[in-house]
Amino acid sequence: MRFSHLFGRTLRETPAEAELASHQLLLRAGMIRQLAAGIFSYLPLGWRVLAKIEQIMREEMDAIGCQEMKMPVVNPAEVWKATGRWQAPAPGPALLRFKDRTQHDMVLAMTHEEVVAQLLASEISSYRQLPVMIYHIQTKFRDEPRSRGGLIRVREFTMKDAYSAHATYESLDEFYPQIYHAYERIFARCGVKTFSVEADTGIMGGAVSHEFMAISEVGEDTLIFCPACGYAANAEKATFVIAALPEEAELSVEEVATPGMKSIEQVAGYLGVPTNKTYKAVFYTTSAGEVVFAVIRGDLEVNETKLSNALGGVELRPATEEELQKAGIVAGYASPIGVNGVRVIADKSLTSGHNFVAGANKEGYHLKNVNYPRDFAAEIVADIALARSGDTCARCGQPLVAERGIEAGHVFKLGTKYSAAVGATFLDSDGQSKPIIMGSYGIGTGRLMSIIVEQHHDDKGIIWPVSVAPYQIHLLHIGADPEVTAAAAAFYGELRAAGYEVLYDDRDDVTAGVKFNDADLIGVPLRFTISARTMKAGVVEVKHRWAKAVQTVPLAEIRDRIPALLAEEPAA
Ligand SMILES: [Zn+2]
């Protein structure tokens with residue numbers, strides 16, 4: 001491709017709307033353009049990258065026996081209407097919670113599973129046809145009020161989603177690691193570092209799923225790791241060890257004045273006790289309008305997802321002052337003692353230690369020496385505590401570390417939820433009709449492109465891995481000397497004839513500096529420069545985008561050296 005013909009121009013200034021490095025660089029490098037909030041066009045350079053990503057996905061899917069097909073772009077509401085048998089999930093807690101956390105999952109759950117189940121119902125009749133694995137690369141839409149971050153959070157996007165259908169759970173269990181490893185290979189081939197975490201599975205009622213997370217400071221999920229033993233989990237699910245408190249004799253409850261002291265830190269400081277000898281009260285309201293009273297040790301935080309799961313997956317939101325008043329609770333001084341008509345959920349941390357400080361449910365007063373279960377009852381005792389950096393690993397006892405991450409992909413053992421809903425059954429070897437067991441697996445293609453850029457860039461631009469770079473070679477000539485431009489054009493023709501993908505900056509109306517800056521911004525792995533000086537010496541100047549050093553290679557040798565030069569790419 002001659003640069004002078006290339007559709008899409010590079011931008012010198014960083015567009016104001018772009019916050020993330022990937023968003024800024026993809027815009028500046030002329031890879032994508034925003035049409036409307038969360039809706040992008042891929043310009044030719046970006047489209048080439050996307051096509052390479054998709055090709056890697058195809059190769060890895062095909063390698064494990066998945067068959068490519070194409071399902072229509074569907075609006076879930078239309079599918080529900082058309083089938084008449086599928087009921088839209090009630091806007092329940094799990095769904096909304098999922099929507100808040102990882103938009104991907106919600107979309108996975110709401111776009112093509114229904115279509116696949118319909119297809120299975122029409123195509124599969126016998127256990128002899130199972131297992132079967134299909135995939136497609138398709139555009140999807142979602143209502144994304146917070147679209148930002150370039151290709152990471154968008155309203156229209158493309159996803160490679162795969163589905164497997166099985167006669168038995170054993171068969172699904174056998175396939176699951178195959179696609180899991182195929183996903184690992186896809187990310188590795190795209191130069192993306194990911195690790196997998198077992199995901200929160202509230203939405204599927206206990207289904208097994210894993211998220212592939214790419215570590216990135218711009219990630220929207222918090223991940224908890226143990227560098228010592230390799231434990232990794234989403235913060236919403238991560239477990240940790242809560243240090244036990246020493247045994248001591250339980251004393252009588254005593255009311256103390258704590259004027260104006262509302263926060264745990266204020267009360268603990270005022271009474272001279274550590275925060276881990278206090279109870280923290282946190283209030284939520286369910287979608288049914290019921291107030292839930294969560295009690296946790298004062299040095300810990302409530303994890304809303306764990307709390308919701310402990311309550312059977314109900315939707316929760318912070319309770320309002322008005323709701324607390326109505327329930328007879330005095331905000332800032334709330335007490336689990338003597339509350340009526342409010343569900344009390346206790347964190348496991350309450351089962352260790354004695355003589356805690358709790359609210360007195362009276363403005364300006366707290367209680368000392370509160371003991372569970374002596375002084376109050378909890379309907380449920382569960383792990384509802386949020387894991388944080390520095391907490392103790394439940395596996396090995398070493399400190400945990402928190403990092404931000406972006407979900408890059410997801411694998412799900414769905415079970416029979418969708419097949420049962422549309423009557424997708426098969427006749428088993430025992431003559432019984434049974435619902436088909438399904439798995440669902442997805443990777444967003446544009447999102448993956450963004451993640452690659454997040455992980456592969458510097459202050460000058462993108463540094464594409466060779467596997468997905470829009471071109472392998474960025475050729476440019478310096479100056480407008482007709483001899484030089486003729487030599488560069490001839491070299492361009494030779495490289496193309498040899499089968500290389502070459503972006504040739506043939507512009508005569510810009511400076512060498514502009515050309516070098518554009519080359520760095522676009523991020524093609526190899527840069528070849530031809531000038532009057534290199535011609536005189538019979539060499540080509542060669543620079544790897546990922547390296548600082550410039551080397552010269554004799555013109556006579558360059559073509560044979562290219563495979564080795566591309567192979568010098570450092571491991572991701
Ligand atoms: Zn550990």
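Let's start with the largest pocket. In this predicted model, 21 residues line that pocket. Five of them lie nearest its centre: Lys-262, Ala-281, Phe-283, Gly-332 and Ala-334. Three elements each give two or more residues to the lining. They are helix H8, residues 264–271, strand E11, residues 279–286, and strand E15, residues 356–362.

Which element gives the most to this lining? Strand E11 does, with six residues. The pocket has a volume of about 360 Å³. By class, its lining holds 14 nonpolar residues, five polar ones and two charged ones.

Now step back to the whole protein. There are 572 residues, and 53% of them count as buried. The secondary structure comes to 16 helices and 28 strands. Along the principal axes, the C-alpha trace spans about 95 × 65 × 45 Å.

Next, charges. Side chains of opposite charge can pair when their charged atoms come close. How many salt bridges does the structure hold? It holds 27. I'll walk through a few.

First up is Glu-301 with Lys-280. These two form a salt bridge, and their closest N and O atoms are 3.3 Å apart. Glu-301 sits in the loop between strand E12, residues 291–297, and helix H9, residues 304–310. Lys-280 sits in strand E11, so the pair ties together parts that are 21 residues apart in sequence. We have met E11 already: it is the strand that gives the most to the pocket lining.

Are the two partners buried or exposed? Glu-301 counts as partly exposed, because its relative accessibility is 34%. Lys-280 has a relative accessible area of 13%, so this lysine is buried.

The next pair is Asp-428 and Lys-434. Their side chains meet in a salt bridge, at 2.6 Å from N to O. Asp-428 is at 13% relative accessibility, and therefore counts as buried. Lys-434 is at 25%, so it counts as partly exposed.

Then there are Arg-374 and Asp-375. Here the side chains meet in a salt bridge of 2.8 Å, N to O. Arg-374 counts as partly exposed, because its relative accessibility is 38%.

Salt bridges can also be linked up. Glu-59, Glu-60, Arg-185 and Arg-189 are joined by them in a network.

Now a charged residue without such a partner. Glu-407 lies in strand E18, residues 401–415. This glutamate is buried, yet has no salt bridge. Which side chain of opposite charge is nearest to Glu-407? That is Arg-447, and it is 5.0 Å away. A salt bridge needs the nitrogen within 4 Å of the carboxyl oxygen, so 5.0 Å does not qualify. What does the Glu-407 side chain contact instead? The side chain of His-410 joins it in a polar contact of 3.2 Å.

One last residue, Ala-294. You'll find it in strand E12. Its relative accessibility is 0%, so Ala-294 counts as buried. How far is Ala-294 from Ala-235? In sequence, the two are 59 residues apart. In space they are 19 Å apart, C-alpha to C-alpha.

To recap, take three places to look. Look at the largest pocket, where E11 gives six residues to the lining. Look at the salt bridge between Glu-301 and Lys-280. And look at Glu-407, buried and with no salt bridge.

Definitions and conventions: Residues numbered from 1 in each chain as written. Predicted model: local features only at pLDDT ≥ 70, side-chain atom pairs only at ≥ 80, totals over all residues. Heavy atoms only, no water. Helix = DSSP H or I, 4+ residues; strand = E, 2+ residues; numbered from the N terminus. Buried < 20%, exposed > 50% of the residue type's maximum accessible area, 1.4 Å probe, protein only. Lys, Arg positive; Asp, Glu negative; His and termini not counted. Polar contact = N/O pair within 3.5 Å; in protein donor to acceptor, adjacent residues only side chain to side chain. 1 Å grid on protein atoms, 1.4 Å probe; cavity = no way out; pocket = protein on both sides within 12 Å on 5 of 7 lines; lining within 4 Å. Points joined across faces, edges and corners; volume = space filled by probe spheres on them. Nonpolar A, V, L, I, M, F, W, Y, C, P; charged D, E, K, R; others polar.
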